[in-house]
Amino acid sequence: MSRITENDILIPALYIIYKNKSATTTIIKEQLVEMFRPTGEDAEILQGRNDTKFTQIVRNLTGSHYNSNQFGELTTKDANKFSLTPVSYTHLRAHETSLHL
């Protein structure tokens with residue numbers, strides 16, 4: 001099975017923010033783990049860390065890669081909470097069938 005990527009979690013992460021009105025990285029991470037239920041390599045604990053390869057991907061999306069990925073273009077970050085931009089609502093509507101909720 002292929003690994004879960006930042007691109008795979010982008011739309012679900014935006015949906016989590018939409019559903020909660022705003023969300024911290026912790027909320028996004030917890031709800032994405034619940035949605036994706038990572039297995040295999042994605043569920044492996046990183047050496048010397050307390051998180052899995054999957055949760056590292058979430059942290060990259062919302063943290064170290066934030067200014068260089070689409071998530072950074074579709075959200076605003078204030079006091080460690082993410083909110084949607086007007087463009088992100090259009091982006092979510094265009095991808096709502098991919099959410100499978």
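**Reading a helix crossing and two positive phi values**

Guide: In this predicted model, the axes of helix 1 (residues 6-20) and helix 5 (residues 86-94) come within 10 Å and cross at roughly 120 degrees.

Visitor: How do I read that angle: what are helix 1 and helix 5 to each other?

Guide: Check the cut-offs. Angles of 65 to 115 degrees count as roughly perpendicular, and those over 145 as roughly antiparallel. The crossing here is at roughly 120 degrees. Helix 1 and helix 5 are therefore oblique to each other.

Visitor: Is the crossing of helix 1 and helix 5 left-handed or right-handed?

Guide: Left-handed, as helix 1 passes helix 5. Helix 1 contributes Leu10, Ile11, Leu14, Tyr15 and Tyr18 to the contact, and helix 5 contributes Tyr89, His91 and Leu92.

Visitor: How many residues of that contact are nonpolar, polar or charged?

Guide: Seven are nonpolar, one is polar and none is charged.

Visitor: On to the backbone. What sign does phi have in most residues other than glycine?

Guide: Negative, for most of them. Lys21 is not a glycine, yet its phi is positive, at about 75 degrees. Arg37 is not a glycine either, and has a positive phi of about 45 degrees.

Visitor: Where do Lys21 and Arg37 lie?

Guide: Both are in loops. Lys21 sits between helix 1 and helix 2 (25-36). Arg37 sits between helix 2 and helix 3 (53-62).

Visitor: Are Lys21 and Arg37 buried or exposed?

Guide: Apply the cut-off: exposed means over 50% relative accessible area. Lys21 has 70% relative accessibility, so Lys21 counts as exposed. Arg37 has a relative accessible area of 60%, so Arg37 is exposed too.

How values were computed
Residues are numbered from 1 along each chain as its sequence is written. This is a predicted model: local features need pLDDT of at least 70, side-chain atom pairs count only at pLDDT 80 or more; totals for chains, interfaces and linings use all residues. Side-chain values use heavy atoms; hydrogens and water are left out. Axes are lines fitted to C-alpha atoms, for helices over the stretch in contact, and angles run from 0 to 180 degrees between N-to-C directions. Helices (H or I, at least four residues) and strands (E, at least two) are DSSP runs, numbered from the N terminus. Angles under 35 degrees count as roughly parallel, over 145 as roughly antiparallel, 65 to 115 as roughly perpendicular and the rest as oblique. A crossing is left-handed if the near helix is turned anticlockwise from the far one by less than a right angle, and right-handed if clockwise. Contact means heavy atoms within 4.5 Å. Ala, Val, Leu, Ile, Met, Phe, Trp, Tyr, Cys and Pro count as nonpolar, Asp, Glu, Lys and Arg as charged, and the others, Gly among them, as polar. Buried means under 20% relative accessible area, exposed over 50%, partly exposed in between (1.4 Å probe, protein chains only).
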